[in-house]
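Welcome, and thanks for opening the viewer. Let's walk through this chain together, one selection at a time.

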Amino acid sequence: MADVLYDKESDEAFRAYLSKGEIRLQCCSDCKGFRYPPRFACPHCLSRKWHWEKVSGEGVIETYLWYCQPVDPRFADVPYNVAVVRLAEGPAIYANITDAVLDDLKIGQPVWANIETRNGRPRLSFVRENPS
Ligand SMILES: [Zn+2]
């Protein structure tokens, strides 16, 4: 079954920006709301008008969880975390906090974007130490 919400072209453009070291999110040209992951329509007002908007990559951990048992053979290297990071600009991103060990994360903790390449694809994660 096809994912009717997944927009491959926008996802590839998002990753192309990551390859250049930039985090750009789709921003609705009508209501100015961000949408992430990339989608063909605004989740706030359903507008299809949008543009790419650069964001800082700074945020705070809104919530997180640790996977201690592998639930998928592709993610067998446990434990690993998945966090909801609320960016300074407002949108939330699901991501891994790469420099954390088990029980090392706190809700409200500041984090910074970390763009790395895995399997030839740019990947957005976050770190707890400010890289600058
Ligand atoms: Zn909108």
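Among contacts in the chain between residues at least 6 apart in sequence, what percentage join residues at least 24 apart? Keep that in mind while you select the whole chain, which is a predicted model. The figure is 51%. Contact here means heavy atoms within 4.5 Å, in case you would like to rebuild the contact list yourself.

Next, switch to a cartoon view and colour by secondary structure. You will find 1 helix and 8 strands. Starting from the N terminus, the helix comes before the strands, in the order α-β-β-β-β-β-β-β-β.

Now show the C-alpha atoms alone. Along the principal axes, they fill a box of roughly 40 × 35 × 25 Å. The radius of gyration is 15 Å, which agrees with the value near 14 Å that a compact globule of 132 residues would have.

Turn on the surface. About 8,200 Å² of the chain is exposed, with 52% of that supplied by carbon and sulfur atoms. Colour by burial, and 36% of the 132 residues count as buried.

Then pick out the charged side chains: 17 are positive and 18 are negative. If you place a marker at the centre of each set, the two markers sit 5 Å apart.

For the last stop, make two selections: residues 1-54 for domain 1 and residues 57-132 for domain 2. The contact between them takes 11 residues from domain 1 and 12 residues from domain 2. Measuring between the C-alpha centres of domain 1 and domain 2 should give you 20 Å.

Terms used:
Residues are numbered from 1 along each chain as its sequence is written. This is a predicted model: local features need pLDDT of at least 70, side-chain atom pairs count only at pLDDT 80 or more; totals for chains, interfaces and linings use all residues. Side-chain values use heavy atoms; hydrogens and water are left out. Helices (H or I, at least four residues) and strands (E, at least two) are DSSP runs, numbered from the N terminus. The radius of gyration is taken over C-alpha atoms; the globule rule is 2.2 Å times the number of residues to the power 0.38. Buried means under 20% relative accessible area, exposed over 50%, partly exposed in between (1.4 Å probe, protein chains only). Accessible areas come from the Shrake-Rupley method with a 1.4 Å probe; for residues, only the protein chains shown count as cover. Lys and Arg count as positive and Asp and Glu as negative; His and the chain ends are not counted. The place of a charge is taken as NZ of Lys, CZ of Arg, CG of Asp or CD of Glu. Domain bounds come from an automatic or database domain assignment.
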